[in-house]
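The following exercises concern the arrangement of chains, strands and helices in a protein model. Please study the sequence and the structure before reading each solution.

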Number of protein chains: 2
Amino acid sequence: MELKSKNKLHGGELSFYQHLSKVNNCSMGFAVYLPPQAQTHQVPVLYFLSGLTCTEENFMIKSGAQKYAAEHGIALVTMDTSPRNLGIEGEDDSYDFGSGAGFYLNATAEPWAKNYQMYDYVVHELPEIIEQNFPIQTNSSSIFGHSMGGHGALTMALKNPGKYRSVSAFAPIVAPTQNDWGIKAFSGYLGEDRSQWEQYDTVELIKNTQNKMPLLIDQGTDDEFLEAYLKPELLVAACEANQHPLNLRMQQGYDHSYYFISSFIEDHLVYHAKYLKSD
Amino acid sequence: MELKSKNKLHGGELSFYQHLSKVNNCSMGFAVYLPPQAQTHQVPVLYFLSGLTCTEENFMIKSGAQKYAAEHGIALVTMDTSPRNLGIEGEDDSYDFGSGAGFYLNATAEPWAKNYQMYDYVVHELPEIIEQNFPIQTNSSSIFGHSMGGHGALTMALKNPGKYRSVSAFAPIVAPTQNDWGIKAFSGYLGEDRSQWEQYDTVELIKNTQNKMPLLIDQGTDDEFLEAYLKPELLVAACEANQHPLNLRMQQGYDHSYYFISSFIEDHLVYHAKYLKSD
């Protein structure tokens, strides 16, 4: 685990690391913000999953979340959105597949299966590393994300009852099996057997899960990807049909950018803090 | 004036523009954040001047200032730190001279004099454009900045009594005539006659001004440029000798980055709001 940089921020410490991931069989980057409370005791942890093209940096630079993490005594963890620089043919050909577009799944199709195991990385390997190396409470984790990372956070929370205390998302891809981003990614990483796709689709999971974890979602009404890719109405319908608790907040005039995230990040930190800090 | 992008942020609007600057004889970029209050009435304006290499973007993306600008009903304006892409020989040779390093002065030496008129641009031309095109109170402006931009803000406020209601800085270059950054820049832009340099040196200005505008300065103790370039002790000595009001806050463990700025940006917005919103 190589420390790349460390900065003091809102009384706490933000560190960027590079390490060899066992499940991804390659070097991966992640970042940890420890609030000032971590200097004296173990703190809960909140994982943030970024969207297409992002690295572990974007959220830490742009969201403004650390101020609220410091106020509430919560650690923040981000990770890169895929392996990079592996020399796999086509890995850098497009913004929505390969590098920067791991889609938080375990690839089964070649040539991706060896390295694109982002689901296991985020759900299992990275939390173990975090809990072993930082003053983190092992029984208090939550997860949230943006766009492709919103998809990741929602599916991981729904598929792992008890692992995360709460989940939320900004402009998530709720039905990747029903839009061009998801169809391209799932075809490439999972192959053409669509029965393998549903395990990574929030709307499909909602139809089949007994896990009634409430969902908090913010979605900008001026999001340039709203109609073609994000389709929150599909999630609304699935939640209504299955009596799944959903708080979808349509935010007037906001787009898909980190400016949108930063405008509502305080609400999300307050929301997660309520779960993370309860006994 | 060409609108490059617009995003909703904390209830207000952040816009990036490109325009033809008369004083710089070239295209320049600037950004304006209008708080929600600007939808119904004119608001005060706070100018932020960035440091070496930055554009009008860095502060708007990284500082988190818009949240507090929205709370207090203050517009924020940033501008690029120099002209760019002019084809001047050597303009892109180093990070601390030419592009991204205008040093907020009016160049008199060739080949810079025609375009590097950042002092007049920030003090005169840009405020006129802002006041003509946005719902801005013409009698309520303040200014602050970081590093090279802290130098710019302090010198502009000291040289223009009554123009700015308040001034503050993060890790400012307070004595450019006494460090390598400033000596390189002033030699190149102003020539070797050192008598021309003092008009752009905060410590020198403090010795000679009757303008007793108070200075609020935050400086990280772990700033990598502290000893060789920033030298706040020179400002402390000059202020003590001339009974100039200075609130220098040495912030334990903070460095020179925007993480440092974002940690104390709320304090600066609150400070300026007090002046900007008084009658």
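**Exercise 1.** Determine by what turn and what shift chain B can be laid on chain A.

*Solution.* Chain B is superposed on chain A by a turn of 180° with a shift of 0.0 Å along the axis, and the RMSD is 0.0 Å; the fit is by least squares on the C-alpha atoms of residues with pLDDT of at least 70 in both copies. This is therefore the relation of a two-fold axis. Both copies use the same surface, since 100% of the contact residues of chain B recur in chain A (contact means heavy atoms within 4.5 Å).

The model is predicted: local features need pLDDT of at least 70, side-chain atom pairs count only at pLDDT 80 or more, and totals for chains, interfaces and linings use all residues. Residues are numbered from 1 along each chain as its sequence is written, chains are lettered from A and ligands numbered from 1 in the order in which they are written, and side-chain values use heavy atoms, leaving out hydrogens and water.

**Exercise 2.** State the order of the strands in the sheet of chain A, and identify which strands stand at the edges.

*Solution.* Step one: the open sheet of chain A has 9 strands in the order 1-2-3-5-4-6-7-8-9, with mixed pairing. Strands (E, at least two residues) and helices (H or I, at least four) are DSSP runs numbered from the N terminus, and two strands pair if DSSP finds at least two bridges between them.

Step two: strand 1 (2-9) and strand 9 (246-251) of chain A each have a single partner strand, so one side of each lacks a neighbour in the sheet.

Step three: strand 1 and strand 2 (residues 12-21) of chain A run antiparallel and are joined by 7 bridges. In this pair, A:Leu9 stands opposite A:Gly12.

**Exercise 3.** Establish which residues of helix 8 (residues 232-241) of chain B are buried, and which elements they pack against.

*Solution.* Step one: B:Pro232, B:Leu235, B:Ala238 and B:Cys239 are buried (under 20% relative accessible area; exposed means over 50%, partly exposed in between, with a 1.4 Å probe and protein chains only).

Step two: these residues cover an arc of only 120° around the axis, and therefore lie on the same side of helix 8 of chain B; the arc is that of the directions from the helix axis to the C-beta atoms. On the other side, B:Glu240 and B:Ala241 are exposed.

Step three: the buried residues pack against helix 6 (202-208), strand 8 (215-220), helix 7 (226-230) and strand 9 (246-251) of chain B.
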